[in-house]
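Let's walk through this one together, starting from a single side chain and working outwards. Keep the viewer open as you read.

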Amino acid sequence: TRIVGARPRAPSFAFKQVPWPELKGTVEQWVERAGDANAQIRYQTFQETMAAKDIQIAKSGHLPSLNLVAGTSKTFNSGSTSIVDGAAANSQYVTNVGIQVEIPIYSGGAVNSRTSEAVALRDKALADLNNARSGVAVDVQAYFYQTEVGALQVEAAEERVRAAQAALDAAKAGQLLNIRMELDVLAAQAELTSARKDLFAAQADRMV
């Protein structure tokens, strides 16, 4: 399930053939594929990328900045009650648009401090990314080989079931010809039951 991304369909009976998903490619290809598709690795990669950008932002504190500024103001004149002046009330709107240049002289070491902090966070994000990649690689290799071993175990168990079934059929045929005892048939049935149980166990282990 960890390798193919889907749980195989459980068989109705342990001794029947089960259509298992085929495990294609080498373990190295599966590790590379997991590195591209694993959610934890994608998340840690994003964190490392953002931390690297934060370093550039922190370093830019030493650089001049150019900003576009705009503002508006309103003045209101209530007018005059004088008969001579006869001024009426009026309002004025003033809008200012300009460019503001800021050149930092000394920030008291704040820029260096923020840069050092950003570098430390980037190093931590990079370490977390490498740990995630290593962990996923180990898991994929373990599940890959476990899947291969499980396939061999199932194949061996299926072969044992076929052999036990053939032995039981032969014992029953011999019993009909009075050349086999009932004890032989019971022993063959017990062997077939044991073989089926082992096959079921191998199939169950492979579906984990």
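Start with L66: its relative accessibility is 61%, so this leucine counts as exposed, since the cut-off for that label is over 50%. Keep in mind that you're looking at a predicted model. As for its address, L66 sits in strand β1.

L66 isn't out there alone. Together with L68, V97, I99, V101, I103 and I105, L66 makes up a nonpolar patch on the surface, and the accessible area of the group adds up to about 850 Å². Two elements each supply two or more residues to this patch, namely β1 (65-77) and β2 (90-102). Which one gives the largest share? That's β2, with three residues.

Now zoom out for a moment. The protein has four helices and two strands, and if you trace the elements from the N terminus, the order reads α-α-β-β-α-α. There are 208 residues, and 20% of them count as buried. The accessible surface of the whole protein is about 14,700 Å², with carbon and sulfur atoms accounting for 57% of that. As for who touches whom, take the contacts with a separation of 6 or more: 73% of them join residues 24 or more positions apart.

V111 gives you a nice example of a residue meeting a distant stretch of sequence. You'll find V111 in helix α3, which covers residues 110-176. Is V111 buried or exposed? Its relative accessibility is just 2%, so V111 counts as buried, the limit being under 20%. Leaving out residues up to four places away in sequence, the partners that V111 touches are A58, K59, G61 and H62. Pick A58 from that list: 53 residues separate A58 from V111 in sequence, yet their C-alpha atoms are 6.3 Å apart in space.

Next, the rings. Search the whole structure for aromatic pairs and you get one. It's F144 with Y145: the ring centres are 5.6 Å apart and the planes meet at 90°, so this is an edge-to-face pair. The two partners have their own surroundings, though. F144 is buried because its relative accessibility is 4%, whereas Y145 has a relative accessible area of 45% and is therefore partly exposed.

One more ring deserves a look before you go. At W30, the charged end of R33 sits over the ring, 4.4 Å from the ring's centre.

Notes: Residues are numbered from 1 along each chain as its sequence is written. This is a predicted model: local features need pLDDT of at least 70, side-chain atom pairs count only at pLDDT 80 or more; totals for chains, interfaces and linings use all residues. Side-chain values use heavy atoms; hydrogens and water are left out. Patches are made of residues with over 30% relative accessible area and no salt bridge: like charges are joined within 9 Å, nonpolar side chains (Val, Leu, Ile, Met, Phe, Trp, Tyr) within 5 Å. Accessible areas come from the Shrake-Rupley method with a 1.4 Å probe; for residues, only the protein chains shown count as cover. A salt bridge is a side-chain nitrogen of Lys or Arg within 4 Å of a carboxyl oxygen of Asp or Glu. Buried means under 20% relative accessible area, exposed over 50%, partly exposed in between (1.4 Å probe, protein chains only). Rings of Phe, Tyr and Trp (its six-membered ring) pair if their centres lie within 6.5 Å; planes under 30 degrees apart count as stacked, over 60 as edge-to-face and the rest as tilted. A charge sits over a ring if NZ of Lys or CZ of Arg is within 6 Å of the ring centre and within 35 degrees of the ring normal. Contact means heavy atoms within 4.5 Å.
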